[in-house]
Every structure is written in C-alpha cells, then in structure tokens.
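Welcome, and take a moment to look around. We will go through some labels used for this protein and ask how each one is earned.

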Amino acid sequence: MDPAFLANFQKLARDPAALADFMSYMQSNMQKSQGPADNDDDSIVKAQLDQIKNAKEVYKRERLLPPSPAPPPASRFFLQMQFENARKTMLQMEREGSAGGFQTKNTFIGSPIDFSTSPISSLTRIKIRDMMVRKRHLGNYFLGRIITPANRIVAIQFAAEDPEGDAIHISFYHFPASIQATSRFLDAVLAVGTTFIIREPMLKIPSSGGNPMIRVDSPSDIVFVSDGDPILDGIRWQSGSTLPKVQRRPTTLEKWKALGDQQFREKQFLGAVLSYTEGIKLDATNTALLLNRAMAYLRLEFFSRALNDCRSALQLSGITDQDSVKALYRAGRALYGLGDWTSAKACFEDALKVNEAEKESRTWSAKCDARVREQETGEYEVVEIYRRSKSEGVRVDVADFVGNIEVASMKSRGGGRGVIATRELKAGELLVVAKPFASVFEEDFQGPKEMLMVFNLMTDTTDAKCHGYLISKITTMLFSDSSRADLIYHLYAGPSLDKPPSTYPPETNMTSTTHQSSPLFNDQVAVDVSRIEGAASFNGFSPTPLSPVNTMEDDNKKDMDKLNSPSALYTLPSLFNHSCVPNCTQIFLGDVMMIRALQDIPEGTELTVSYGNDGNTFQKRIKHLKKWFNKCDCSLCEAERSDGAAANKTREEVLTKIKKAKQKPATRSSLQEAKRFVSQVQATYKGSTQSRLPRVALYTAHFHLGNQYRELGQNFELIEEHINAIKALGVKVIDESTSGPVRAGKKGKDLPIETDRAPSTPGNDEAVMTCLRLTAHFRRGLGDNVRAERWLRAARWSESKIHI
C-alpha cells in the first residue's frame with residue numbers, strides 16, 4: 001500500500017479530526033449525484049488512483065500466469081490460533097460498539113470473477129493437497145468442514161479441513177444476509193463442525209502474501225451438506241467423525257424446529273431458515289415448519305421463497321383454519337413485497353373469509369388498494385411521503401409508477417437504449433416513481449463503526465462504503481430469487497462485459513415459485529457477481545434526501561455525508577441517458593425516486609437526466625463524467641467545447657479569483673474588480689451564447705458583482721445583477737424592470753419568467769435561491785411588494801417543477 005495512503009489510514013484509526021480531514025478528499029469519485037470537492041488533495045487522489053492502477057496490473061499478471069503447485073498446506077494449529085484471535089478481536093469490537101474506534105477496511109471490485117454453473121453430480125472431489133494456485137478447478141468440488149470460529153472483515157473468513165485432515169483458509173465474499181454480520185450470526189450459520197461444498201473452487205495467494213486460500217465470490221458456489229447426505233457416503237474424516245467440543249447437531253424434526261424458533265427469536269433469520277430446512281428434509285408436510293420458514297424468509301425479504309412455502313402449506317390436506325389464515329396472510333405479505341398488489345389483496349381477502357376478525361389482513365388489504373391507486377393514476381401524497389421519509393425511516397412504502405414513456409433503441413446513441421416520450425409532455429409532469437431494486441443507507445449500520453474503501457477497477461474510482469455493500473445486497477437478492485436476475489443482468493455493465501439486450505425490461509414472472517422449492521443453498525443457481533458489480537457501478541444512484549436548497553452546513557459534516565452517502569440501484573431509471581442540460585430531473589424522498597419533466601417535451605424526444613454536473617466548469621464536468629464516457633455530446637458540452645480550451649481555462653482562473661475575492665469586504669476597488677470578472681467571463685462564451693443554455697461561470701460572476709453592490713448599498717444595481725445572474729442560468733426573464741408599471745406575464749400568468757421550462761441542471765437550485773433573493777431585495781431594499789411577490793411565485797414555480 002502507498003505509504004502516504006497508509007499513513008492517513010493510521011491517523012484515521014486514532015484521530016477523529018484526521019478522519020474529518022480525510023473525508024474532504026473523498027468527494028471526487030463517488031456515485032451519481034456526487035462530485036469533486038473544491039479542496040481535493042491531489043496527493044490523496046493520486047494515491048487512490050495508484051492503488052487502482054497497481055491492482056489492475058496485479059490482476060492482469062495473475063490472469064496471464066499459468067497455474068502452479070500450491071505451497072504445503074498451512075499448519076492447522078497456526079490457522080486455529082489465527083482465527084481464534086480474530087474472533088476475540090471481533091467480540092471486543094462488538095462489546096465496544098459505536099463507542100469504539102473506527103475499523104478501516106478496503107476492498108477491490110471490478111476484476112473478472114468466475115462462478116460455477118455445474119451441478120455437483122457432474123463434479124468429482126478434489127483434495128487440498130492436489131489443488132493448484134491461480135486455477136479454477138473445473139470439474140471438481142471441495143468438501144470441507146469448518147474447524148475455527150468464523151470472522152468478518154470484508155469477507156467472512158474461517159479455516160476448514162478436508163477429509164484428509166489438511167486445513168486451509170476460506171473466504172466467502174457476498175455471503176447472503178451478512179452485511180455487518182455479528183458473531184452470533186456467524187455461529188448460527190457457519191458454526192464449527194458445519195460441512196459444506198464449494199463448486200469448482202479457486203485457490204489464490206492473498207494480495208498481502210502468505211498461505212493460499214480458497215476465495216468464493218459467488219454464494220451460489222456454496223452448498224451446505226446435511227448429515228446423511230449421500231455425498232458423504234464413504235467419507236472418513238481424518239480428525240474424527242465429530243470435532244472435539246462441538247455441540248452435536250439436532251437429529252429430530254422437533255429439535256430442528258426448536259433451534260429454528262430460538263434463532264428466529266434472536267433475529268438470526270438466516271440461521272432459522274437453515275434449521276427449519278433441516279426439519280423439512282425430515283418431513284416436507286409439516287405445516288408449522290413451512291409457515292415458520294416462510295416468516296423467516298419474509299424477515300430476510302426473500303419474498304418468492306416465502307410465497308412458495310405458503311403455497312406448499314395451503315396445498316396440504318387437513319390444514320387447519322388457523323394455519324390457513326397464517327399461510328394466506330404471509331403469502332399476501334410476500335406478494336406485497338414483490339409488488340403484486342392485486343394478488344396480495346386477494347390473499348388478504350381470502351384470509352378474512354376464513355376469519356373476519358383478522359385485523360392485520362384488513363389493514364394490509366387497504367394498503368394494497370392504496371398501492372394500486374398510485375400505480376394506475378400516478379397520484380401520490382408527496383408531502384406525506386416526505387414527512388414519512390423523515391420520521392419513519394428512509395424506506396417509504398409506495399408503488400412504482402410509469403408515465404407516458406418507453407424504452408427505445410437510440411440511433412444517436414449508437415443503437416444503445418434510451419427513454420423517449422410517447423406523447424407531448426408538460427413541464428413538471430410526473431414520469432416515473434421508482435422504488436430501488438436494492439439500496440443501502442448509513443442508517444442500516446449499527447454496532448462498531450466502519451469505514452470501507454471500495455477501489456473500483458471498472459470505473460477507476462474510489463466508491464463509498466454503501467456502494468460496496470449494495471453489490472452484496474443485490475447478490476443476495478438474486479441468490480435467493482433467480483427469477484429476477486435479468487432485471488440486473490440486462491442493464492449496461494461496462495465496456496468489458498457483453499452488451500445488454502436492445503429491449504428492457506425483460507419478461508419476468510416475479511411471483512413464480514418454480515425455482516424456490518429447493519434448499520436456499522443448492523447447485524441449481526448461478527449468480528454472476530461480475531455482472532452485478534458492473535450494473536451497480538455504472539447505474540447506481542446516491543439517493544441523497546431532499547432538503548432545503550443551499551443549506552449552510554459545517555464542511556466536516558458535508559464531508560462525512562459524502563463518505564457515508566447511500567447507494568441504490570433503480571432498474572427503469574437506469575435506462576435514462578445523461579445530459580448536462582437534461583430535460584428531466586430526479587429527486588429522492590427517502591429511497592423513492594421521482595422523475596419529472598423539466599420543460600415542455602415533444603412526443604418522441606429522448607428523455608435525459610443528469611448523472612451529476614458537479615462543479616461549474618467544463619473541465620470539472622468531464623472529469624466527473626469520465627466514469628461513464630470519454631466525451632459528453634450534450635448541447636452544453638458541445639458549446640463549451642467549441643469555445644476552446646483557452647476560454648475554459650480562463651473561466652477556471654476567474655472563478656478561482658472570485659472565490660478568493662468573496663472573502664474580502666466590498667470596496668470601490670473590489671467593485672471595479674468584480675465588473676472586470678464579469679467582462680472576462682463573458683468574453684469566454686462564444687459557442688455557448690445560446691440564451692437557454694446555463695452558463696454557470698457567468699452566473700457566478702454576476703452574482704458576485706451583485707453582492708458587491710449589496711454591501712455598498714446600491715440596491716437597484718444589485719437587483720439588475722441578480723437578474724443577469726438568473727438569465728445566465730438559462731432562465732428567460734420576461735420582466736427585468738426594477739421600477740414603474742409591472743409587465744404582465746405570458747398568457748396572463750403573473751410571473752416574471754417564462755414557464756415553458758424549469759431551470760436545468762446545473763444551476764436549478766441556484767435559480768430558485770436567486771429568485772428568493774430577488775424577492776427579499778425588492779421587499780426589503782426597495783419596498784416593492786408587488787415585484788417581491790412575483791419573484792416569490794417564480795421561485796415557487798421553479799421549485800415545484802424541480803422538486804415537489
């Protein structure tokens with residue numbers, strides 16, 4: 001690791017102030033809607049890029065090197081000591097909780113990941129001593145037994161033995177439901193003595209050196225083995241049939257149920273699923289086990305599997321009315337989670353037919369009605385959704401909605417996909433309401449504090465912690481329900497992976513349970529983690545909450561927010577292409593994304609959103625957008641590109657001077673300097689002089705000049721400059737007057753601006769704030785309440801089209 005980079009990590013672990021300093025460096029390489037900080041430290045950014053570059057070279061060399069014999073297996077005693085000490089550290093961190101220090105971790109994503117598609121029946125067992133380093137052992141499986149407590153760093157790690165008694169380090173990445181896995185979770189799911197299979201294992205030398213390990217990136221490569229499984233026929237464990245000091249596994253249905261019930265009460269839901277599954281293997285017609293496992297699946301949000309268990313229970317002869325109500329209610333909850341509101345309501349209503357007093361079913365039936373109404377009409381209680389997102393948590397219960405749009409092949413995009421209007425759209429019209437396929441928020445994390453650095457080899461960026469865990473969450477979702485896989489696999493996943501199909505969305509039956517009857521860990525599923533990493537990296541959004549524009553916050557808090565920014569993947573919104581001057585805008589209410597038209601849009605026009613126009617200059621935008629493409633062809637970039645490199649460099653230089661000048665009090669001399677700034681920036685715009693294109697650098701210069709007039713008490717000049725500033729953002733002002741009769745708005749509307757389009761990004765929030773400032777200047781500075789009210793209405797109109 002780069003020494004400077006390591007030094008910063010060491011400082012972070014013991015010094016909160018150093019952590020705050022470091023966070024300010026982390027803003028340039030986050031997800032959509034996040035951009036470079038003004039105070040990026042070049043050495044830190046360079047260290048991160050060097051880390052990524054070096055990792056790419058290592059992975060490339062690794063792929064070119066041939067397999068080689070593995071060094072002798074590690075000492076069993078050494079591995080036991082290593083993992084037992086790691087468990088002690090993990091327990092100490094859990095005891096200290098949030099009062100303890102930061103855990104600083106890093107991981108790499110974006111390297112090629114292999115996974116098995118072969119059933120175990122087609123594979124033969126391989127011993128540790130026969131494995132080769134840097135080789136995927138196609139045609140083989142590894143049979144292992146856990147011999148040490150499991151621990152979690154980024155991956156879940158432990159030592160396991162093979163029947164011959166050799167021991168090896170195992171790492172499970174993206175293990176299901178293991179985000180912030182606790183020691184209790186690990187003991188419930190990966191207890192010492194657990195027997196498992198890894199399909200077509202890969203033996204690797206850790207990047208830090210040392211003994212080889214078996215690394216598993218896709219959980220679909222893992223299959224747990226029950227006692228008495230035919231695959232154990234003829235297997236004799238060198239260390240004995242059972243490990244010393246290991247509690248014997250249950251052997252009866254009743255004991256498996258009791259263990260599952262205990263794990264459920266302790267909120268170890270995955271452990272409960274595995275225990276109930278062992279009981280069901282002994283009696284597949286046990287209603288209680290099926291319904292209890294369904295409830296555990298619901299808590300894990302494995303909705304298709306929960307639905308399958310409920311349907312299996314309802315098909316049993318002799319099921320009691322009480323169990324029928326439980327099965328119908330839980331089936332309704334599963335269907336509700338899958339977004340099938342109509343079928344969910346039918347289940348709740350059937351439950352009420354059996355028992356009219358079933359209050360929960362009545363409540364959920366009403367919720368289904370509300371979701372169907374939202375989905376069909378696009379009518380939402382937006383203010384109430386906002387309030388709920390603030391008071392009840394970021395995940396808000398609403399239905400998806402798709403307006404008058406469709407996915408189409410775009411000739412202008414080289415045949416790639418985009419979204420177009422299917423009829424003429426009006427400014428402010430609601431086009432999409434979308435819940436995320438998966439999301440991770442800082443609020444999801446409890447216990448020991450953790451800072452995870454995710455070095456992304458696909459995008460050459462350093463991503464936020466939540467992005468790394470988003471990949472694990474999506475992996476878990478597809479592992480539990482493969483019927484939804486194409487919703488992710490058919491998204492663009494970067495230039496190194498196969499192009500997705502030309503149409504979207506794929507045909508899926510999300511309420512089908514045909515693939516959900518087998519145990520959770522089985523050899524019939526294959527999860528492509530590389531595709532998931534690509535889809536999340538190139539389509540992920542950061543659903544930052546809606547908040548008052550231009551809120552003044554402490555810089556360290558802003559930096560903390562960037563580093564802890566949430567990450568989410570939305571399916572249909574991922575098909576919207578980028579423009580620096582988009583005709584649509586997206587906002588987030590909790591985890592809910594809403595996309596609206598920013599302007600009147602003709603039928604057949606491509607609909608675009610901004611992937612984050614961070615910074616107010618051409619250079620900063622192209623730096624941010626490099627993750628997605630080398631050249632943005634939007635009208636703003638084309639115009640500013642035509643202005644020439646010298647003009648763009650001049651803007652950068654003038655903006656730097658303005659930033660310094662703002663720190664000084666206004667004088668007659670500084671006023672003349674501010675006028676020169678306006679002239680200098682104005683002279684750089686040649687190809688980008690279209691009145692409706694935002695010229696944010698010119699806005700900044702006019703705004704600064706206006707503030708100079710304000711400090712010097714020249715109110716009329718102040719207002720004129722702030723009107724010039726808002727015009728520089730592409731807003732068409734139809735009444736620039738500062739005194740005398742008020743000019744009527746277009747079509748009788750009492751606004752001083754045109755209403756055919758809202759202010760576009762970049763600069764939409766600045767436009768709203770400038771309208772509000774003009775309101776204050778007219779009212780307080782000139783005592784002109786009529787114009788003050790008109791500019792207030794302009795601010796409200798702009799805000800309503802941009803946000804709510």
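## How the labels are earned

Q: Why are β2 and strand β19 (residues 450-456) said to pair?
A: Two strands pair if DSSP finds at least two bridges between them. β2 and β19 are joined by seven bridges in the parallel sense, so they pass that test. One of the bridge partners is easy to find: Phe108 is matched with Phe455 in β19. Strands here are DSSP runs of E, at least two residues long, and helices are runs of H or I, at least four long, both numbered from the N terminus. The model is a predicted one: local features need pLDDT of at least 70, side-chain atom pairs count only at pLDDT 80 or more, and totals for chains, interfaces and linings use all residues. Residues are numbered from 1 along each chain as its sequence is written, and side-chain values use heavy atoms, leaving out hydrogens and water.

Q: What makes β2 and β20 the edge strands?
A: The open sheet has three strands, in the order β2-β19-β20, with mixed pairing. β2 (103-109) and β20 (461-463) each pair on one side only. Ignoring direction, neighbouring strands of this sheet are turned by 25 degrees against each other on average.

Q: How do you know which strands helix α14 (residues 465-480) lies across?
A: Contact is the key, and it means heavy atoms within 4.5 Å. Helix α14 lies across β2, β19 and β20, and runs at about 75 degrees to β19. Such angles run from 0 to 180 degrees between N-to-C directions, with axes fitted as lines to C-alpha atoms (for helices, over the stretch in contact).

Q: Are the residues of strand β12 (residues 213-216) buried or exposed?
A: Buried means under 20% relative accessible area, exposed means over 50%, and partly exposed is in between (1.4 Å probe, protein chains only). Met213, Arg215, Ile214 and Val216 are all buried. Met213 and Arg215 point one way from the strand, and Ile214 and Val216 point the other. In a regular strand, side chains alternate between the two faces of the sheet. As for partners, strand β9 (residues 167-172) runs parallel to β12 with four bridges, whereas strand β11 (residues 202-204) runs antiparallel to β12 with two bridges. Met213 stands opposite His169 and also opposite Lys204.

Q: Why does Leu65 count as partly exposed?
A: Its relative accessibility is 42%, which falls between the two limits, so the middle label applies. Leu65 sits in the loop between α3 (42-64) and β1 (68-69). Its C-alpha atom is separated by 7.8 Å from that of Arg134, 69 residues apart along the chain.

Q: How do you know that Arg134 is partly exposed?
A: Arg134 has a relative accessible area of 21%, and therefore counts as partly exposed. Arg134 lies in the loop between β4 (132-133) and β5 (135-136). Its phi is near 65 degrees, a positive value in a residue other than glycine. Most residues other than glycine have a negative phi.

Q: What makes α20 roughly antiparallel to α21?
A: Helix α20 (residues 645-661) and helix α21 (residues 668-684) pack at an angle of about 160 degrees, with their axes 9 Å apart. That angle makes the pair roughly antiparallel, because angles over 145 degrees earn this name, while those under 35 count as roughly parallel, 65 to 115 as roughly perpendicular, and the rest as oblique. Residues of α20, including Val654 and Ile658, meet residues of α21, including Phe677 and Val681.

Q: What is called the largest nonpolar core, and which residues have the most contacts inside it?
A: A nonpolar core is a set of buried Ala, Val, Leu, Ile, Met, Phe, Trp, Tyr and Cys residues joined through side-chain atoms within 4.5 Å. The largest has 133 residues, and Phe172, Phe175 and Leu190 have the most contacts inside it. Helix α8 (residues 287-300) gives the most to this core, with nine residues. Apart from this core lies another, of 42 residues, among them Leu718 and Trp791.

Q: Why is the peptide bond from Tyr504 to Pro505 called cis?
A: Its omega is near 0 degrees. Most peptide bonds are trans. Pro505 lies in the loop between α15 (485-489) and α16 (529-539).
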